[in-house]
Amino acid sequence: MIFMLLNVGSHIVQPTIGVVDQIEGNIVVAEIIEVADDRHTVKEIELPIEIFPCEIEEGGMFYFEYVDGVTELRCGEPPV
């Protein structure tokens with residue numbers, strides 16, 4: 001997995017990266033990697049397919065980006 005560091009003022013922000021594991025009807029089962037206190041934790045989540053702004057498939061990557069206090073879900077790998 002690729003982790004991107006963004007320097008936002010004096011804070012370092014790492015987007016949460018996910019990989020689609022399964023698509024069951026209108027539910028996406030995915031694994032995400034959370035970073036806290038320099039530790040990486042893999043968690044399984046379920047999301048409604050409607051919140052994805054693109055066509056997705058099993059094995060596809062996505063990430064959450066935090067911009068001006070808003071959480072955005074974006075498809076693909078984060079830019080380097």
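**Arg74 and its surroundings**

Okay, let's start with Arg74, which is partly exposed, with a relative accessible area of 30%. For that scale, buried means under 20% relative accessible area, exposed means over 50%, and partly exposed is what lies in between, with a 1.4 Å probe and protein chains only. Before I go on: this is a predicted model, where local features need pLDDT of at least 70 and side-chain atom pairs count only at pLDDT 80 or more, while totals for chains, interfaces and linings use all residues. Residues are numbered from 1 along each chain as its sequence is written, and side-chain values use heavy atoms, with hydrogens and water left out.

Back to Arg74, then. Which residues does Arg74 pair with in salt bridges? One partner is Glu65, with the closest N and O atoms 2.5 Å apart. The other is Glu72, where the N to O distance is 2.2 Å. The cut-off for a salt bridge here is a side-chain nitrogen of Lys or Arg within 4 Å of a carboxyl oxygen of Asp or Glu. As for the two acids, Glu65 is buried, at 10% relative accessibility, whereas Glu72 is partly exposed at 27%. Through shared partners, the salt bridges link Glu65, Glu72 and Arg74 into one network. The chemistry is familiar: side chains of opposite charge can pair when their charged atoms come close.

How many salt bridges turn up if you search the whole structure? The count is three. Apart from Arg74, we have Glu34 and Lys43, whose side chains meet with an N to O distance of 3.0 Å. Glu34 counts as partly exposed, at 31% relative accessible area, and Lys43 is partly exposed too, at 38%.

Now let's zoom out to the fold. The protein has zero helices and seven strands. Those are DSSP runs numbered from the N terminus, with helices being H or I of at least four residues and strands being E of at least two. Reading from the N terminus, you get β-β-β-β-β-β-β. There are 80 residues, and 26% of them are buried. The accessible surface is about 5500 Å², with 50% of it belonging to carbon and sulfur atoms; that area comes from the Shrake-Rupley method with a 1.4 Å probe, and for residues only the protein chains shown count as cover.

Let me pick out strand β3, residues 16-24. Which strands does β3 join by bridges? On one count, seven bridges join β3 to β4, residues 27-36, and the two run antiparallel. On another, four bridges join β3 to β6, again antiparallel. The rule for pairing is that DSSP finds at least two bridges between the strands. To see the register, look at Ile17, whose bridge partner in β4 is Ile33, and at Val19, which stands opposite Met61 in β6. The β3 and β4 hairpin has two residues between the strands, and there Gly25 takes a positive phi near 65 degrees.

While we're in β3, Thr16 is worth a click. Is Thr16 buried or exposed? Thr16 is buried, at 11% relative accessibility. The side chain of Thr16 makes a polar contact with the side chain of Tyr66, at 3.3 Å. That means a pair of N or O atoms within 3.5 Å; within protein, one must be able to donate a hydrogen and the other to accept it, and residues adjacent in sequence count only if both atoms are side-chain atoms. Leaving out residues up to four places away in sequence, Thr16 touches Ile32, Ile33, Phe62, Tyr63, Phe64 and Tyr66, where a contact is heavy atoms within 4.5 Å.

Next, the backbone again. Most residues other than glycine have a negative phi, and most peptide bonds are trans. Asp68 has a positive phi of about 50 degrees and isn't a glycine. You'll find Asp68 in the loop between β6 and β7, and Asp68 is exposed at 77%.

Last stop, the cysteines. There is one disulfide, formed by Cys54 and Cys75 with their sulfur atoms 1.8 Å apart; the cut-off is a pair of cysteine sulfur atoms within 2.5 Å. The torsion about the S-S bond is about -90 degrees, so the disulfide is left-handed. Cys54 sits in the loop between β5 (39-48) and β6 (61-67) and Cys75 in strand β7 (residues 70-75), so the pair ties together parts 21 residues apart in sequence. Cys54 is partly exposed at 30%, and Cys75 is partly exposed at 29%.
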